[in-house]
Amino acid sequence: MKEPNELAVISLELNNYRQFYGENKIDFATKEKRFNIIQGENGEGKSNILNAFHYCLYLTEPHLKSDSQGMPIMNTRTLKEAKENSFVEMSIVLTLGNDDIKYKISRMVRAYKTKIQETIDAKGNKKIELQNTPFGVFPVGVTPNGSESFKVSKTGKTWDDRYFSYGVSMMLPKELSPFYFLDGEFLESLHKTFDTVKTGIEQISELTLVFSAIKHLNSLLTTLRKQAKGSDTNIDDQLKRMEAADNWLQSRDNEGNSLVNENELIFKEKYDGKDEYHPRSGYPRLKSKENERIMHKAKLDEIDNQLIKKNAALIKELQKQRMELENKTIPELENTKLRLRKEKLKLLIDFAPRVYLKNCLEYSINLIGENIEKGRLPSKITDIFTQELLDKNECICGTDLSKGQSRERIIQMQKTAKLSKQLDSALEAQYDFKNWLKQFSNDSGRLDTYRRDLIKTEKDLGESQRKLKDISIKLKGSDDEDIAQLEKIREAREKWIDELSEEIGSIRKRIEEYENIKKAAKAEYDRLLKANKKLEQLGVKQILCENALQSLTSVKDRVLEKMRTTVEEKTKHYFFNLIWKKDTYTDVQINDNYVISVKHKHGYDATNNLSAGEKLLLALSFIAAIRDITGFKFPLIVDTPLGKISGLPKMSVAKEIPTYLPETQLVLLVTDTEYASPIVNGEEPTNLLPSFREIINSYVGKEFLLNYNEKEVHATITKMKPLSESEVLQHVK
Amino acid sequence: MSSSFEFGFPDVGFDKDDQEFYESLVKSDSPSPFRGMTRADVFIYAMAVGFKENLRRPIPKGNRTPNMPPEAFKPEMRWLMRALVIMVEKNLEGIIEHRKVVSIAEEYANGGISLVKEYVKSGSLDEDPEAFLETNLRKLLA
């Protein structure tokens, strides 16, 4: 049963919005059967349903596909049918709620149509002139105006108005919407795009005020430093050095404009008409290069997947061997090498001081031994022995000890023994020193063992690399041109990745150098400012500002760190609840750079080698974690979640997905291939498995079919024919 | 090793001008062989190297920063310091005076750390720090 404060989408009305001509309403299932399915082919309006949610709440459409870009937001048939000098309306109405409360959120655009401007293109075709407006793209000649309303009701019958922006932000702030309105591309790339992970964590940390204060203080500090200019050439020099270093680190000029290298285009798989260049230096350049490397690595994965799907047995086998080497053998060997080096280093650091101080140990052993022989140690025994003599008043040699010098001597001996009690610890130390010296040959032997093991590991690594090269040569020499070509592309990508890695390492080193220059210049600037009596007050202000900045930055870092670790724990919790290979993976981490990774039981990073289904579950786990922390109980709307998943992983996802966020309504926008088609088992293609639809059927409340009629310029939403009794299969986990 | 004997062991320090250097050696992403270890590990190593190379240098007045508590040093490390003091003073009594032990150890560490700085500056610890350390050690073990 749903928690009292979980919201569900009750209905969505799309009136003259994009493909949806006239009035269209979808009533969703909201109770126990919480899955709602909208099935349609590509281009029929699925993504625009996702966009409709976003447009209604935030007046933006972040999921526009290429075929919708450059198209008017209002249905073109409606626009055409409307008379000149009349009004046309478009609206989206979203009704949400639960047993306690309901919300009705409406966005309406009323446009005044005059004469639509048309031009003739080079081919002689008529083309409508379009314009960007605050409400979306409209034809020139149509002037839109918009209104919105946010209503609340306890009963669903009488509605109270609320302030729109406030109401929406209390329901789901725009910054968090990417984690509730999801598309397949976003899910696919989540583990690669640390920006998204970072944004998510920053948003839920609610540090807006802190970020704002930090920005303001930085600006104030810049102003204060400018005030110090002109008073002393040495101070000016240091300020210039600091500014120059900072500008290099942020890849900007003295006016604060971003600098790019116009000889270095950022590589894009699909050219989108925009030339983008790598930043010239510093952190922006580092980030840009890292992003490019991630993109190439993802493409490499795709090529590997293509090769392994090839029908030729030999190719399949070679690719399998390569993946085994790259994903298991080599990472394990590198792990072993790292571990051995670390252990050897630890031994060296522990062992070295004992070797260097060997003479001290030997000397101490001998000195302690001498003291034992002379009876000075252990002093505890001397104390007991002398007390006994004093009590008896007689020495063991028969001397009278009841009075006189002899007694005095014994008393003095006892006093000395008492003072030396602490030296008794040296007895234990002597034992330990002797053991340490004995262990020299053992420890030396251990060093030899580490050296041999490292040599062997290096040899095995070399052998594995050689095998990889052989596989590549065989694939490049394949009779199948496709395969040979793929392999050549793969090799080129790998080379590109290696070059990028080298460059990234080099950029990091330079960043460190510039940070050091900046630090040194600041230290000198601070010193000069302090020494300048005229600038004393300015110096005090700067110190106050810097201290405040430091405190706020520390607060920000601590909160973000706490939030990161919390999200990490929760992501891990959800992932291991969802994943079917529970023994294969041991950990999920989000590191300091907000990169999500999954650790294989053999110790290596398995993230890039997760199957498409596993990547989806990882992304959903992260989403669930963010959702948990934000506390915003909004339903999840997901477009094309299964696009790249096929075969057995798809079946596994189907079995696991009903357990995902059991109290949350899920609206899935799917294609027929994703949803209703039987799942093809890659290992046995003729043995078809039940479809995703059949497997999750018992959890599905409503199913809708989206059909776009190009002639009518209208997408219709109808109910899908339910599965028959014989088609429904029960699947027990 | 008796814990009551350790009572009163003071904080151990180094020259405040070397603070940054110590930190840079133990950072988790440092290329140095001490990455991920503690400043106490660096101190003991520097002390041992300082003794070996006969580099006993007092910390300049006003520069001593006692920022390593006794708990930072394993008992074995403290006894290495005492073994050094026994050798230097040529008697056992010195080991009772914890402050004296720490003072002498600090002076040798202060001398030794300058040698570690030389290693870093010369790049000896860059490419293959284990090999460098091992070579030095094996010369003594031979």
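**Exercise 1. A salt bridge between the chains**

Find the side chains of Glu134(B) and Lys344(A) in this predicted model, and work out which kind of interaction they make and at what N to O distance.

*Solution.*
Step 1. Start with the two side chains: those of Glu134(B) and Lys344(A) meet with N to O at 2.5 Å.
Step 2. Apply the cut-off, which is a Lys or Arg side-chain nitrogen within 4 Å of a carboxyl oxygen of Asp or Glu. The pair is a salt bridge.
Step 3. Now widen the view to the partners. Lys344(A), Asp448(A), Arg451(A), Glu134(B) and Arg138(B) are joined into one network by salt bridges that share partners.
Step 4. Across the whole interface of chain B and chain A, four salt bridges are found. Three residue pairs are in polar contact there, both residues being at pLDDT 80 or more.

**Exercise 2. The side of chain B that touches chain A**

Describe the interface: how many residues does each chain bring to the contact, and which helix of chain B gives the largest share?

*Solution.*
Step 1. Count the residues: chain A brings 39 and chain B brings 41.
Step 2. Add the area. Between them, the two chains bury about 3700 Å², with 73% of it on carbon and sulfur atoms.
Step 3. Look for the main contributors on chain B. Of the area that chain B buries against chain A, 18% comes from Leu92(B), Glu130(B) and Leu137(B), more than from any other three residues.
Step 4. Sort the contact residues by class: on the side of chain B that touches chain A, 25 are nonpolar, 13 are charged and three are polar.
Step 5. Assign them to helices. At least two residues each come from α2 (39-52), α3 (75-89) and α5 (129-141) of chain B. The largest share, nine residues, belongs to α5(B).

**Exercise 3. Two pairs of aromatic rings**

Classify the ring pair of Phe179(A) and Phe622(A), then do the same for Phe43(B) and Phe73(B).

*Solution.*
Step 1. For Phe179(A) and Phe622(A), the ring centres are 6.0 Å apart and the planes stand at 65 degrees, so this pair is edge-to-face.
Step 2. Place the partners: Phe179(A) sits in the loop between α3 (164-171) and β12 (181-183) of chain A, while Phe622(A) belongs to helix α16 (residues 612-630). The pair thus links parts of the chain 443 residues apart. Phe179(A) and Phe622(A) are both buried.
Step 3. Turn to chain B. The ring centres of Phe43(B) and Phe73(B) are 5.7 Å apart with planes at 80 degrees, so this pair is edge-to-face as well.
Step 4. Phe43(B) is in helix α2 of chain B and Phe73(B) in the loop between β2 (64-68) and α3, 30 residues apart. Both are buried.
Step 5. For context, the structure holds 23 aromatic pairs over all chains. Ring pairs also link Phe53(A), Tyr180(A), Phe181(A) and Phe634(A) into a cluster.

**Exercise 4. Salt bridges within a chain**

Take the salt bridges Lys522(A) with Asp526(A), Glu561(A) with Arg564(A), and Lys117(B) with Asp18(B), and say where the partners lie and whether each is buried or exposed.

*Solution.*
Step 1. Lys522(A) and Asp526(A) meet at 2.6 Å, N to O. They lie four residues apart in helix α14 (residues 481-531) of chain A, about one turn of the helix.
Step 2. Check accessibility, where partly exposed runs between 20% and 50%. Lys522(A), at 23%, is partly exposed, and so is Asp526(A), at 28%.
Step 3. In Glu561(A) and Arg564(A), the closest N and O atoms are 2.6 Å apart. These residues are three apart in helix α15 (residues 536-578), about one helical turn. Glu561(A) is partly exposed at 35%, whereas Arg564(A) is buried at 8%.
Step 4. Lys117(B) and Asp18(B) have their closest N and O atoms 2.5 Å apart. Lys117(B) is in helix α4 (residues 98-122) and Asp18(B) in the loop between β1 (12-15) and α1 (19-26) of chain B, so the pair ties together parts 99 residues apart in sequence. Lys117(B) is partly exposed at 32%, but Asp18(B) is buried at 5%.

**Exercise 5. A buried histidine**

Decide whether His54(A) is buried or exposed, and list what it touches.

*Solution.*
Step 1. Locate His54(A) in helix α1 (residues 46-58) of chain A.
Step 2. His54(A) has a relative accessibility of 5%, so it counts as buried.
Step 3. Beyond residues up to four places away in sequence, His54(A) touches Leu59(A), Thr60(A), Pro62(A), Ser177(A) and Phe181(A).

Conventions:
Residues numbered from 1 in each chain as written. Chains lettered and ligands numbered in written order. Predicted model: local features only at pLDDT ≥ 70, side-chain atom pairs only at ≥ 80, totals over all residues. Heavy atoms only, no water. Buried < 20%, exposed > 50% of the residue type's maximum accessible area, 1.4 Å probe, protein only. Contact = heavy atoms within 4.5 Å. Buried area = accessible area lost by both parts, 1.4 Å probe. Polar contact = N/O pair within 3.5 Å; in protein donor to acceptor, adjacent residues only side chain to side chain. Nonpolar A, V, L, I, M, F, W, Y, C, P; charged D, E, K, R; others polar. Phe/Tyr/Trp six-rings, centres within 6.5 Å; stacked < 30°, edge-to-face > 60°.
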